[in-house]
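I opened a fresh notebook page for this one and went through the structure one topic at a time. Here is what I looked up, in the order I went.

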Amino acid sequence: MRTIAITALLVVAHQAWAALQVDLNSPESIKRAASLVASDLLTYYHGSEPGQTPGILPGPPPAGDYYWWESGALWGTLMDYWHYTGDSTYNELITSSMLFHTGPPLNAYMPENYTISMGNDDQGFWGLSAMLAAETGFPDPPADEPQWLQLAQAVFHTQADPGRHDTVCGGGLRWQIPMSNIGYDYKNSISNGIFFNLGARLARYTGNETYAHHARKTWDWMMAVGLMTEDGDVYDGAHTGVNCTDVFKAQFSYNAAIFLQGAAFMYSFTTGEEQSLWAHRVQALLDRTTSFFFRIGPIIELSCETPAAIICKTDMLSFKGYTHRWMASTAQLAPFTRDTIMRVLRNSTVAAVNSCRGPLHNGRACGFRWTTGGYDGLTGAGQEMNVLAALSSLLAFHEEEGLDGKTGKGAPLTGETGGTSKGDPHAGTGKGGVDPTQLGEVTTGDRVGAWVLTVFTLGTIVAAFVLMGTGRFEDREGMAAAVENNQEKKKELSIWYKIAREVIFRHQG
């Protein structure tokens, strides 16, 4: 019995010694710890081995745990790691992986092997990583390969195509791209959030107002359809079969963070009264994100991480890292958020590091729960990505030689502030296509048509109001309840009333 007790004590002592060690007050200590986590993360990647597909984590199910989109997010996480630490160990792997999946000839991240099962958010995550490469000055690909900015533009242009933005629910992107896919009848916040986010970033990087125009339209649609609120709540999505009236009110951190970061890019891009408006929106989203997801200190994925059980799917296990990364970027773009974000992310990172006590990776495997003060037994690529993102993001707030301590590594680059990546206004449209970044001139006929359409729409709204009454949009506890009540929902006030009301009477302060 005594021998067993001593052995157990030695095991505990070894785990405590082997756990991830870091001094969060020291940039060099953070970099060393991040280097270890990055190395541990890449143990889940087998794309360089014989018979494996380059550039992706094992999958998709049942071949492995990970869907295609999460690999795009992996390379973005490692780009941020390089950006904040200066460690170029993985740069060649990042570049070759990003280029392997571009999907020629459009090079819009729609490779043939994955197109049939692709969602707008899947494609969008690879586009976000390409955009990040341009903004961080990540080494440009060879001249005969697609360039980072060009790839991000191609993703955005394919999603801006009218074929993706149908009129059901008054606009917005569907979750899935092929009509045959489960989820084609669902318009969700992450797909539209990525589109909004990319539009804001492309506007800022290129100076092209048309990208900002698309971003504004997406924000207005989200507010009108009820997927986002003035108080900063961002809900998951809604079904087209009931005109998006069955809003599924689950909240995930990456939905909030993708809009928070995008709003910060719009704040940085705009001036005057519009900039004040975006400042208000950034603050509302930040206040709600911190109070909802960081309510006890470390980030909690509340819609699937419950005190009793973890019901998160594999992809959901990686959301915390994106939220940390995008909040750090927000602080760079909108300096008035810096102190709040720095405090929140630091507290969360302390807890993240404490989760890295699992038996794998020399006793420093990272878990998913950051609220237990230890390792929870849930290990995977997403969990390692989360902690790597948390550590790397803290370096955004550390003063470095030649940089203003208030901005850390500095705000993302643009084409005017040192960005070298080359773009293509026709990217994703096919050679010689109409330039999607040019808005047509508004003619007298256009104005007359718009006036007639407005009168018709308002007349329809009034008729709908009289015939159907105001009704009440009921809360939904889940998708199942929403589907069961489709017929009842069809009797409620038309969503077109909400859209017109939001556009015409939108709160400006």
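The entries below run from the whole chain to the core, a helix pair, some single residues and the backbone.

**Entry 1: the whole chain**

I began by noting that this is a predicted model. I then looked up the secondary structure and found 19 helices and 4 strands in the protein chain. Next came burial: of the 509 residues in the protein chain, 56% are buried. I also checked how far along the sequence the contacts reach. Taking contacts in the protein chain between residues at least 6 apart in sequence, I found that 67% join residues at least 24 apart.

**Entry 2: the core**

Which residues touch the most other members of the largest nonpolar core? I found three names for my list: L78, F125 and L391, in a core of 130 residues. Helix α10, residues 253-269, gives the most to this core, and its share is 11 residues.

I followed L78 a little further. Setting aside residues up to four places away in sequence, L78 touches A38, L41, L42, Y90, I94 and L388.

**Entry 3: α6 against α8**

For a helix pair, I wanted two values, since two packed helices are described by the angle between their axes and the distance between the axes. I chose helix α6 (residues 120-136) and helix α8 (residues 189-206), which pack at an angle of about 25° with their axes 9 Å apart. An angle under 35 degrees counts as roughly parallel, so α6 is roughly parallel to α8. I noted the handedness too: α6 passes α8 in a left-handed crossing.

Then I listed who makes the contact. From α6 I have N120, D121, G124, F125, G127, L128, M131, L132, A134 and E135. From α8 I have I190, S191, I194, N197, L198, R201, L202 and Y205. Sorted by type, the residues of the contact of α6 with α8 come out as 10 nonpolar, 5 polar and 3 charged. I was pleased to meet F125 again here, in the α6 list, after seeing F125 among the core residues that touch the most other members.

**Entry 4: three single residues**

Is T323 buried or exposed? I found T323 buried, with a relative accessible area of 0%. Its place is in helix α12, residues 319-333. Apart from neighbours within four places in sequence, T323 is in contact with S253, Y254, A257, F294 and I299. I also noted a distance: T323 and N255 are 68 residues apart in sequence, and their C-alpha atoms are 8.6 Å apart in space.

D80 was next, and I found it in helix α3, residues 68-85. The cut-off for buried is under 20% relative accessible area, so D80, at 7% relative accessibility, counts as buried. Not counting residues up to four places away in sequence, D80 touches L132 and R325. I had already met L132 on the α6 side of the contact with α8.

Then I went to G172, in the loop between α7 (148-160) and β1 (186-188). G172 counts as buried because its relative accessibility is 7%. Beyond residues up to four places away in sequence, G172 touches R164, H165, D166, K187, N192 and W221. I added K217 to the page as well: G172 and K217 are 45 residues apart in sequence and 9.1 Å apart in space, C-alpha to C-alpha.

**Entry 5: backbone exceptions**

I kept one reminder in mind for this entry: most residues other than glycine have a negative phi, and most peptide bonds are trans.

Where are the cis peptide bonds I noted? One joins G59 and P60, with omega about 0°. Another joins P61 and P62, with omega about 5°. P60 is found in the loop between α2 (27-41) and α3, and P62 lies in the loop between α2 and α3.

For phi, I noted Y109, which is not a glycine and has a positive phi of about 55°. Y109 lies in the loop between α4 (91-100) and α5 (112-115) and is buried, with a relative accessible area of 0%.

C244 went on the page too, as a residue other than glycine with a positive phi near 60°. I placed C244 in the loop between β2 (237-239) and α10. C244 is buried, with a relative accessible area of 1%.

Methods: Residues are numbered from 1 along each chain as its sequence is written. This is a predicted model: local features need pLDDT of at least 70, side-chain atom pairs count only at pLDDT 80 or more; totals for chains, interfaces and linings use all residues. Side-chain values use heavy atoms; hydrogens and water are left out. A nonpolar core is a set of buried Ala, Val, Leu, Ile, Met, Phe, Trp, Tyr and Cys residues joined through side-chain atoms within 4.5 Å. Buried means under 20% relative accessible area, exposed over 50%, partly exposed in between (1.4 Å probe, protein chains only). Helices (H or I, at least four residues) and strands (E, at least two) are DSSP runs, numbered from the N terminus. Contact means heavy atoms within 4.5 Å. Axes are lines fitted to C-alpha atoms, for helices over the stretch in contact, and angles run from 0 to 180 degrees between N-to-C directions. Angles under 35 degrees count as roughly parallel, over 145 as roughly antiparallel, 65 to 115 as roughly perpendicular and the rest as oblique. A crossing is left-handed if the near helix is turned anticlockwise from the far one by less than a right angle, and right-handed if clockwise. Ala, Val, Leu, Ile, Met, Phe, Trp, Tyr, Cys and Pro count as nonpolar, Asp, Glu, Lys and Arg as charged, and the others, Gly among them, as polar.
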